[in-house]
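Reader: Please take a close look at the aromatic rings in this model, and describe how they are paired and what surrounds them.

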Amino acid sequence: MEVKLWSDKREREMYENFAELFAIIKATEKLEKAYVRDIISPAEYETECQKLIAHFKTLSSTLKDIVPSIERFHDTYKMDCPAALNRLVTSGVPATVEHRAAAAMSATTSAAIVAECVQNFITAMDSLKLNMVAVDQVHPLLSDLSASLNKLSILPPDFEGKTKMREWIARLSKMGAADELTEQQARQLHFDLESSYNSFMAALPTAGT
């Protein structure tokens, strides 16, 4: 006997979206485990992870009224995918971007990365001044900044800029791509960027850069 989960086209589409969201979370969990176990190369992992994160953001934005909490969806269907939740909801960027190795950098490379960090700080701050406050405009800028900061070995893991960017990226990852920061949020983000930039510049002489 066939049991239908839906009574109309709209309900059918909803359940199909649920199935796709379920599949993305499960696939991300498997990908994270494969990367940790060194089954997949960092380059392959990063490419596939970025695809899954992009699909997740699009789908979660579509379902935000029906699935306001991804964590609750995860618990409701007893998915047991903590690594996927961390990657998709909390982090929002691949582990390779988050923890890029920078131990063997030469002085020249370090200088180039310092310049990259400065450029990313200024780009992010200038974009906010130009009222570019949509999530799909802000998120890539903060991801680039976070990635460049993580490349710089002279900065400690708890450096203010790294911490604040992680917090903002996690916050933006829970919003839809077309959502916009409020005036208060944009002002706070600009303040955090400026404060982090000042701390970054102050840290360079201490490290002998």
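Author: A good place to start is Phe 73, which is buried, with a relative accessible area of 6%, where buried stands for under 20% relative accessible area, exposed for over 50% and partly exposed for the range in between (1.4 Å probe, protein chains only). The model is predicted, so local features need pLDDT of at least 70 and side-chain atom pairs count only at pLDDT 80 or more, while totals for chains, interfaces and linings use all residues. Residues are numbered from 1 along each chain as its sequence is written, and side-chain values use heavy atoms, with hydrogens and water left out.

Tyr 77, in contrast to the buried Phe 73, is partly exposed, with a relative accessible area of 40%. A search of the whole structure finds 6 aromatic pairs. In the pair of Phe 73 and Tyr 77, the ring centres are 4.9 Å apart and the planes stand at 55 degrees, so this pair is tilted. Phe 121 and Phe 200 also form a tilted pair, at 5.7 Å centre to centre and with 45 degrees between the planes. This second pair links distant parts of the chain, since Phe 121 belongs to helix α6 (residues 107-129) and Phe 200 to helix α9 (residues 183-206), 79 residues apart; helices are DSSP runs of H or I with at least four residues, numbered from the N terminus. Both Phe 121 and Phe 200 are buried. Rings of Phe, Tyr and Trp (its six-membered ring) pair if their centres lie within 6.5 Å, and planes under 30 degrees apart count as stacked, over 60 as edge-to-face and the rest as tilted.

Returning to Phe 73 and Tyr 77, ring pairs join these two with Tyr 15 and Phe 18 into a cluster. Another ring, that of Trp 168, has the charged end of Arg 171 sitting over it, 4.1 Å from its centre; for this, NZ of Lys or CZ of Arg must be within 6 Å of the ring centre and within 35 degrees of the ring normal.

Helices α6 and α9 meet again in the lining of the largest cavity. Ala 124, Leu 128, Val 138, Leu 141, Leu 142, Leu 189 and Leu 193 line this cavity, and the elements giving two or more residues are α6, α7 (135-151) and α9. On a 1 Å grid over the protein atoms alone, a cavity is a set of points where a 1.4 Å probe fits but cannot get out, and lining residues have an atom within 4 Å of a point. The largest share of this lining, 3 residues, comes from α7.

Notes. 1 Å grid on protein atoms, 1.4 Å probe; cavity = no way out; pocket = protein on both sides within 12 Å on 5 of 7 lines; lining within 4 Å.
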